[in-house]
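Reader: I've got a model open on my screen and would like to talk through it. Can you take me around?

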Amino acid sequence: MAGVESDDVAAALDHIVTQFNTYEDYLDSQITTQDLFYLENEEMARQLVELGFRGSGEVLKREDFEARKAAAEASRLSERHQKKILSSAGKELKDNFLKALAEREEANRSGKMSSIIFIRDQNARGQEVSAYIDYAHRLKVDEFEVYFSGKKKLFPRRTDLSFYNWDRNTCCLNGSPNYQVIAENLCGLLLKNKSDRKIINVDPKAYPGDNTTRTPIKTDLYLQVVIYDHVLRRKL
């Protein structure tokens, strides 16, 4: 019986790891609006949860969360390498956004194209957030089958090329294996492809750049979606 209980506990912990992208997200799920009202400090509320003074039940330790996250990621990557079919294969896609991703999946996986996805939407707290997402990179680190099947939504992250929280006026910029972020210029945000060194301008009023097309997508899943497709011309 103890073995069964141990398996149940392990399954519950694995579910927590897959449910939350970061340990901070996990801590935030244990914080109530009443906690924030009295503490008036999100970071302090997180610390109290981590120490076990807030939240329901026993709190998963940071090192345990990160270890399980790393193990789960390694397992997913191993399975992904073994799969040779596309994540969108065989899926009945109804929304235009998912259809657009499916149309671009093979080209982004093979390196023929390097698409950037702009998504603007509301997070779980009702805050408006947006991000420029490196599609080819996300295909390598995310399990897209859950997105194409409708079980989860592809959503902006602080680790994307550019992440902005419109309510908090906070911004995060990050390079990726495919793009360098250039923010300090008069033209606004520019993204430089590391393969052909071409510049992509995400300003809707500007020319997007050589070998790049800008396509707004009408979708019911998000407030706004725009896809920038950058075609890579490789030397033979």
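Reader: Let's start with F20: is F20 buried or exposed?
Author: Residues here are numbered from 1 along each chain as its sequence is written. And mind that this is a predicted model, where local features need pLDDT of at least 70, side-chain atom pairs count only at pLDDT 80 or more, totals for chains, interfaces and linings use all residues, and side-chain values use heavy atoms, with hydrogens and water left out. Buried means under 20% relative accessible area, exposed over 50% and partly exposed in between, with a 1.4 Å probe and protein chains only. F20 has a relative accessible area of 15%, so F20 counts as buried.

Reader: Where along the chain does F20 sit?
Author: Helices are DSSP runs of H or I with at least four residues, strands are runs of E with at least two, and both are numbered from the N terminus. Going by that, α1 covers 2-19 and α2 covers 23-29. F20 is in the loop between α1 and α2.

Reader: How far apart in space are F20 and F65?
Author: In sequence, 45 residues separate the two. From C-alpha to C-alpha, the distance between F20 and F65 is 9.9 Å.

Reader: Why is strand β1 described as largely enclosed?
Author: Strand β1 takes in residues 113-122. It is largely enclosed by the rest of the structure because, of its ten residues, the number buried is eight.

Reader: Which residue of β9 is the bridge partner of S115?
Author: Two strands pair if DSSP finds at least two bridges between them. β1 and β9 (residues 224-231) have eight, in the antiparallel sense. The partner of S115 in β9 is D229.

Reader: And on β2, which residue is the bridge partner of R120?
Author: β2 (residues 128-134) runs antiparallel to β1, with seven bridges joining them. Five residues lie between the strands of this hairpin, where G126 takes a positive phi near 80°. Facing R120 in β2, the bridge partner is S130.

Reader: Which element gives the largest share of the largest nonpolar core?
Author: A nonpolar core is a set of buried Ala, Val, Leu, Ile, Met, Phe, Trp, Tyr and Cys residues joined through side-chain atoms within 4.5 Å. The largest one has 22 residues, and F97, L101 and L154 are among those touching the most other members. Elements giving two or more residues include β1, β2 and β9. The largest share, five residues, comes from α6.
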